[in-house]
Amino acid sequence: MLKSFEHVGMTVGDMDRTVDFYCGLLGLSLVLRKTMANGMQVAFLDAGGGMLEVFAPPGSASRAVDVPDDTAGVRHLTFNFDNVEETFARLEQAGVEIKERPRFAVHSEMLNKIAFVRDPDGIIVELAERSQNRQG
């Protein structure tokens, strides 16, 4: 029987930079960080309803490439915030790369406002604010 969502694994170029972004700017919590025998760094970042498992290979990694509309793959990571406008303003002031400024969501049954930024490796991160009827 399914209990919950556990984690998504992703590769990044620099672990320090990634932890600073996801924990320092977005508010995730660092649960575990270690270096494996082959030099690969790994960390688990708790987002409240699941985690990111982050891998940083020795010697960095290439920048992420967006998944084209007609190609299978993960398009973005989405995190739920109390206030998208405030979160976006804080990220913009910190110099985070902007993809799309805050706007009302097309799927208003689920989400009120959304915005899109890129993490330090170019991975698209959606900032979401739930609609009043979907707070849970």
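The dialogue below walks through a predicted model and asks what lies behind its labels.

Biologist: What makes strand 1 and strand 2 edge strands?

Modeller: Start with the sheet. Four strands form an open sheet in the order 1-4-3-2, with mixed pairing. Strand 1 (7-11) and strand 2 (29-35) each have a single partner strand, so one side of each is left without a neighbour in the sheet. On average, neighbouring strands there are turned by 15° against each other, direction ignored.

Biologist: How do you know that strand 3 and strand 4 pair?

Modeller: Pairing takes at least two bridges. Strand 3 (residues 41-46) and strand 4 (residues 51-56) share six bridges, in the antiparallel sense. Val-42, for instance, stands opposite Phe-55 in strand 4.

Biologist: Which strands does helix 1 touch?

Modeller: Helix 1 (residues 15-25) packs on this sheet and touches strand 1, strand 2, strand 3 and strand 4. The direction of helix 1 makes about 0° with that of strand 3.

Biologist: Why is the pair of Phe-21 and Tyr-22 called edge-to-face?

Modeller: Two values decide. A pair of aromatic rings is described by the distance of the centres and the angle of the planes. The centres must lie within 6.5 Å, and edge-to-face needs planes over 60 degrees apart. Phe-21 and Tyr-22 have 4.8 Å centre to centre and 85° between the planes. Both conditions are met, so the label is edge-to-face.

Biologist: How many aromatic pairs are there by this rule?

Modeller: The count is two. Phe-21, Tyr-22 and Phe-79 form one aromatic cluster.

Biologist: Are Phe-21 and Tyr-22 buried or exposed?

Modeller: Buried means under 20% relative accessible area. Phe-21 has 4%, so Phe-21 is buried. Tyr-22 has 0%, so Tyr-22 is buried too.

Biologist: Which residues touch the most other members of the largest nonpolar core?

Modeller: That core has 26 residues. Tyr-22, Leu-26, Leu-45, Leu-52, Phe-79 and Leu-127 touch the most other members. Several elements give two or more residues, including helix 1, strand 5 (77-80), helix 2 (84-93) and strand 8 (124-130). Helix 1 gives the largest share, five residues.

Biologist: What is Leu-26 in contact with?

Modeller: Set aside the neighbours within four places in sequence. Leu-26 is then in contact with Phe-21, Phe-79, Phe-81, Leu-91, Val-125 and Leu-127. Apart from the largest core lies another, of six residues. Ala-105, Leu-111, Ile-124 and Ala-128 are among them.

Biologist: What is the strand order of the other open sheet?

Modeller: The order is 5-8-7-6, again with four strands and mixed pairing. Strand 5 and strand 6 are the edge strands, since each pairs on one side only. Neighbouring strands in this sheet are turned by 20° against each other on average, direction ignored. Helix 2 packs on the sheet and touches strand 6, strand 7 and strand 8. The direction of helix 2 makes about 160° with that of strand 6.

Biologist: How do you know that strand 7 pairs with strand 6 and with strand 8?

Modeller: Count the bridges against the minimum of two. Strand 6 (residues 97-104) and strand 7 have five bridges, antiparallel. Strand 7 and strand 8 have seven, also antiparallel. Both counts reach the minimum, so both pairs qualify. Phe-116 of strand 7 stands opposite Glu-100, and its bridge partner in strand 8 is Glu-126.

Biologist: What joins these strands along the chain?

Modeller: Hairpins. One joins strand 6 to strand 7 through six residues. Strand 7 and strand 8 form another, with five residues between them. In that turn, Gly-122 has a positive phi of about 90°.

Biologist: Why is strand 7 described as mostly covered?

Modeller: Seven of the eight residues in strand 7 are buried, so the description fits.

Biologist: What makes Lys-113 sit over the ring of Phe-104?

Modeller: The charged end must be within 6 Å of the ring centre, and within 35 degrees of the ring normal. For Lys-113 the distance to the centre is 5.1 Å. That is inside the distance limit, and the charged end is listed as sitting over the ring. The two residues are also bridge partners, Phe-104 pairing with Lys-113 in strand 7.

Biologist: Why is Asp-69 called exposed?

Modeller: Exposed means over 50% relative accessible area. Asp-69 has 68%, so Asp-69 is exposed. Its place is in the loop between strand 4 and strand 5.

Definitions and conventions:
Residues are numbered from 1 along each chain as its sequence is written. This is a predicted model: local features need pLDDT of at least 70, side-chain atom pairs count only at pLDDT 80 or more; totals for chains, interfaces and linings use all residues. Side-chain values use heavy atoms; hydrogens and water are left out. Axes are lines fitted to C-alpha atoms, for helices over the stretch in contact, and angles run from 0 to 180 degrees between N-to-C directions. Contact means heavy atoms within 4.5 Å. Rings of Phe, Tyr and Trp (its six-membered ring) pair if their centres lie within 6.5 Å; planes under 30 degrees apart count as stacked, over 60 as edge-to-face and the rest as tilted. Buried means under 20% relative accessible area, exposed over 50%, partly exposed in between (1.4 Å probe, protein chains only). A nonpolar core is a set of buried Ala, Val, Leu, Ile, Met, Phe, Trp, Tyr and Cys residues joined through side-chain atoms within 4.5 Å.
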